[in-house]
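Please work through the following exercises with the structure at hand. Each task is followed by a solution in steps.

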Amino acid sequence: MAPVAVEPVVPAVLNGKVGDPAARVDSFDASSTNAQELSSSMKRNGVVYVRNLISKDDMDTVVQEMRPHLDDDTPWDGVCFPPQTKRLCGIVSKSETFRKKVVMNPLWLALSDETLSITSSAWFGDIKAESVSRPVLGGTVCFRVCPGATAQGLHRDSMAHHLKNPRITADKYTFEREVSISMFLAGTKTTKENGATRFCPGSHLEANEEKPNEENALYAEMEPGDALIMFSSVYHAGSANMSQDEERLVFATFMNRGILRTGENQYLTIPTEQAAKWSDEELTVCGYAQSQPFLGFVEFMDPMAAIRGDKGGKRYDITDQKVIT
Ligand SMILES: O=C(O)CCC(=O)C(=O)O
Ligand SMILES: [Fe+2]
């Protein structure tokens, strides 16, 4: 089925600065598209709009269910977020409507499966068996950008997974390059003025080593209930909120490859009260420390602090890493 609307092709994209000169952004309506159509568009561009992924009424309910928690966060210490932003993590368990309508959205789950499921066969003696590893929820975070916020730096969320992909052209692309996909769902109207997420179409084809280029960025202008879906290898960021009084809410949902976990489930196997008394070294070996950068956090905090009931644990910033330039 043809896209219902196509965003204008941007000259910066046409002049070949991004991975593929043909990169553009397609926009589909959730009622008349399917996972195959969305994934083939993402293959080319790294990113796609799905308009009306959830209804405005459901989106309003999600915002109402979140509202009591939206002020809980404290300003970020570091450069990852400007002080006028707030984050709310773990929303899969904070809003039932979010869990049922967004995390469990059939089109989103089908798209996750289409792009991230792994099927392989293996021998066990004389038996050859085929197995499928399905994607798992990587995280759910509400990003709130208030007036006066400056722009966040362009980054790839896949930096957390230490990918070392080379630059390729779109015809060489396969989903094997990816570890994760992200959905950015508009909770309020999002505009260039009020801090819409910006993103660089085609940047999933660039090498991980390549620096982001602001000139290639587009702003994800959306109505409540619309979604921007991208591979976590696409450069993107929250933007400056230059409005007088508009709060910008975006609800992010991440799906990761199902193999990104341990064999034995340590978090359910080891009693939490017991783990809370173990040494830092023991907890680190058992997977209770963050993998730098940004994997395994609890409310963006160091999980070692969280397991010991310390609500003021360290929140690792990019500047806590070894900064090279
Ligand atoms: O707020 C946004 O629009 C994006 C935030 C983001 O990409 C992040 O913090 O990783
Ligand atoms: Fe991000």
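**Exercise 1.** Identify the elements against which the buried residues of helix α3 pack, and establish how these residues are arranged on the helix.

*Solution.* In this predicted model, the buried residues of α3 pack against the strands β4 (85–89), β7 (136–145) and β13 (248–256), and against helix α4 (96–103). The next step is to list the residues concerned: within α3 (residues 56–66), Met59, Val62, Val63 and Met66 are buried. Viewed down the axis of α3, these buried residues fall within an arc of 95°, so they line one face of the helix. Finally, the face turned away from the buried side of α3 carries Asp57 and Gln64, which are exposed.

**Exercise 2.** Determine which residues surround ligand 1, and classify them by polarity.

*Solution.* The shell around ligand 1 consists of Phe143, Val145, Gln152, Asp157, Thr197, His236, Ala237, Gly238 and Val250. Sorted by type, the shell holds four nonpolar, four polar and one charged residue. As for the elements involved, β7 and β12 (236–237) each contribute at least two residues to this shell.

**Exercise 3.** Describe the open sheet that contains β12, and locate its edges.

*Solution.* The sheet is open and has three strands, in the order β10-β9-β12, with antiparallel pairing. β10 (218–219) and β12 are the edge strands, each with a single partner, so one side of each has no neighbour in the sheet. Between β9 (residues 198–199) and β12, which run antiparallel, there are two bridges. Within this pairing, Phe199 has His236 of β12 as its bridge partner. His236 also belongs to the shell around ligand 1.

**Exercise 4.** State how many residues the largest nonpolar core has, and trace the contacts of Ile229.

*Solution.* The largest nonpolar core comprises 50 residues. Those with the most contacts inside this core are Phe199, Leu228, Ile229 and Phe251. Apart from neighbours within four places in sequence, Ile229 is in contact with Leu38, Val47, Val48, Val50, Leu111, Ile181 and Met183. As a general background, nonpolar side chains in soluble globular proteins tend to be buried together.

**Exercise 5.** Analyse the hairpin of β5 and β6, and decide whether β6 holds buried residues or none.

*Solution.* β5 (residues 118–124) pairs with β6 in the antiparallel sense over seven bridges. Across this pairing, Trp123 stands opposite Lys128 of β6. Two residues lie between the strands of the hairpin, and Gly125 adopts a positive phi near 60°. For β6 (residues 127–133), the count of buried residues among its seven residues is zero, and the strand is thus hardly covered.

Technical notes. Residues numbered from 1 in each chain as written. Chains lettered and ligands numbered in written order. Predicted model: local features only at pLDDT ≥ 70, side-chain atom pairs only at ≥ 80, totals over all residues. Buried ≥ 20, exposed ≤ 12 C-beta atoms within 10 Å, placed from the backbone. Helix = DSSP H or I, 4+ residues; strand = E, 2+ residues; numbered from the N terminus. Pairing = 2+ DSSP bridges. Arc of directions from axis to C-beta. Contact = placed C-beta atoms within 7 Å. Near = placed C-beta within 6 Å. Nonpolar A, V, L, I, M, F, W, Y, C, P; charged D, E, K, R; others polar. Core = buried A, V, L, I, M, F, W, Y, C linked by C-beta atoms within 7 Å.
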